[in-house]
Amino acid sequence: MKHTSTEHILETLRTRGYRITSARRAIVDALETTSSPYTVQDIVARIHTADQVSVYRLFKTLHEEGLLATVPSKGETMYELKGEHHHHIVCTACGHTTHIPCTTTRTFPTPSQHTFHTITDHDVTFYGTCMSCATPTKKGY
Ligand SMILES: [Zn+2]
Ligand SMILES: [Zn+2]
Ligand SMILES: [Zn+2]
């Protein structure tokens, strides 16, 4: 899924008064190059130049600044950089989450004037079973 580039994110943070450290750059780089939605821990595990607290803080900042979106998930909160409109499918067995393109019509329903004024966006999550959960594996004997 197309999303904002590392430089664009860092530039946005910079113009909003945040200091860009090499640790922050490394974290944003990791977010930019991770294709599946991730938890804070996933990124902590990938980053060796920033501690866990820095990763947590930057996630909070990016989320507050509207650059990072939460993704529907089964367990721990998952995130991804905001970008092109798309949906997600969550494996109900293991919690694995994948992006899927928007397949619903982009023409929004016309809300009844008495119930709702305008519709600006939609959010759809599918649930199912992922390939690895659907494939029986040998149990090691
Ligand atoms: Zn699964
Ligand atoms: Zn996504
Ligand atoms: Zn959609």
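**Exercise 1. Overall layout**

What percentage of the contacts in the protein with a separation of 6 or more is accounted for by residues 24 or more positions apart? Describe the general layout of the chain as well.

*Solution.* The structure is a predicted model.

Step 1. Residues 24 or more positions apart account for 49% of the contacts with a separation of 6 or more.

Step 2. The protein contains 5 helices and 5 strands. Along the sequence these elements follow the pattern α-α-α-α-β-β-β-β-β-α.

Step 3. Of the 141 residues in the protein, 16% are buried.

**Exercise 2. Helix 2 and its two sides**

Determine which residues of helix 2 are buried and which exposed residues lie on the face turned away from them.

*Solution.*

Step 1. Helix 2 (22–33) has 12 residues, and its first and last C-alpha atoms are 16 Å apart, close to the 16 Å expected at 1.5 Å a residue.

Step 2. Its buried residues are Arg24, Ile27, Val28, Ala30 and Leu31. Viewed down the axis of helix 2, these buried residues fall within an arc of 155°, so they line one face of the helix.

Step 3. On the face turned away from the buried side, helix 2 carries the exposed residues Ser22 and Thr33.

Step 4. The packing partners of the buried residues of helix 2 are helix 1 (6–15), helix 3, helix 4 and strand 2. Within this helix, Leu31 touches Ile43 and Leu81, when residues up to four places away in sequence are not counted.

**Exercise 3. Helix 4 and its two sides**

Identify the buried and exposed residues of helix 4, and state what covers the buried ones.

*Solution.*

Step 1. Helix 4 (52–64) has 13 residues and spans 18 Å from its first C-alpha to its last, close to the 18 Å expected at 1.5 Å a residue.

Step 2. Val55, Leu58, Phe59 and Leu62 are buried in helix 4. They cover an arc of only 105° around the axis, and therefore lie on the same side of helix 4.

Step 3. Val53, Lys60 and Glu64, on the other side of helix 4, are exposed.

Step 4. The elements covering the buried residues of helix 4 include helix 2, helix 3, strand 1 and strand 2.

Step 5. Just after helix 4 comes Gly66, with a positive phi of about 75°.

**Exercise 4. The hairpin of strands 1 and 2 and the nonpolar core**

Establish how strand 1 and strand 2 pair, and which residues touch the most other members of the largest nonpolar core.

*Solution.*

Step 1. Strand 1 (residues 68–71) and strand 2 (residues 78–81) are paired in the antiparallel sense over 4 bridges. They form a hairpin with 6 residues between the two strands.

Step 2. Opposite Leu68 stands Leu81 of strand 2, and opposite Ala69 stands Glu80 of strand 2.

Step 3. In a regular strand, side chains alternate between the two faces of the sheet. In strand 2, Met78 and Glu80 point one way, Tyr79 and Leu81 point the other way, and all are buried.

Step 4. The largest nonpolar core has 18 residues, of which Ile27, Leu31, Ile43, Val55, Phe59 and Leu68 touch the most other members. At least two residues of this core come from each of helix 2, helix 3 (40–46), helix 4 and strand 2.

**Exercise 5. The open sheet and His87**

Work out the strand order of the open sheet, and describe the surroundings of His87.

*Solution.*

Step 1. The open sheet has 3 strands in the order 4-3-5, with mixed pairing. Strand 4 (97–101) and strand 5 (125–128) are at the edges, each with a single partner strand, so one side of each has no neighbour in the sheet. The twist from one strand to the next averages 30°.

Step 2. Strand 3 and strand 4 run antiparallel and are joined by 5 bridges; Ile89 stands opposite Thr98 in strand 4. These two strands form a hairpin with 5 residues between them, and Gly95 in the turn has a positive phi of about 90°.

Step 3. Strand 3 and strand 5 run parallel and are joined by 4 bridges, with Tyr127 in strand 5 as the bridge partner of Val90.

Step 4. His87 belongs to strand 3 (residues 86–91). His87 counts as partly exposed because it has 17 C-beta neighbours inside 10 Å, whereas a buried residue needs 20 or more.

Step 5. Leaving aside neighbours within four places in sequence, His87 is in contact with Ile100, Cys102, Val124, Thr125 and Phe126. The C-alpha atoms of His87 and His99 are separated by 5.8 Å, although the residues are 12 apart along the chain.

Definitions and conventions: Residues are numbered from 1 along each chain as its sequence is written. Chains are lettered from A and ligands numbered from 1 in the order in which they are written. This is a predicted model: local features need pLDDT of at least 70, side-chain atom pairs count only at pLDDT 80 or more; totals for chains, interfaces and linings use all residues. Two strands pair if DSSP finds at least two bridges between them. A nonpolar core is a set of buried Ala, Val, Leu, Ile, Met, Phe, Trp, Tyr and Cys residues joined through C-beta atoms within 7 Å. A residue is buried if 20 or more other C-beta atoms lie within 10 Å of its own, exposed if 12 or fewer, and partly exposed in between; C-beta atoms are placed from the backbone. Two residues are in contact if their C-beta atoms, placed from the backbone, lie within 7 Å. The expected span of a helix is 1.5 Å times one less than its number of residues. The arc is that of the directions from the helix axis to the C-beta atoms. Axes are lines fitted to C-alpha atoms, for helices over the stretch in contact, and angles run from 0 to 180 degrees between N-to-C directions.
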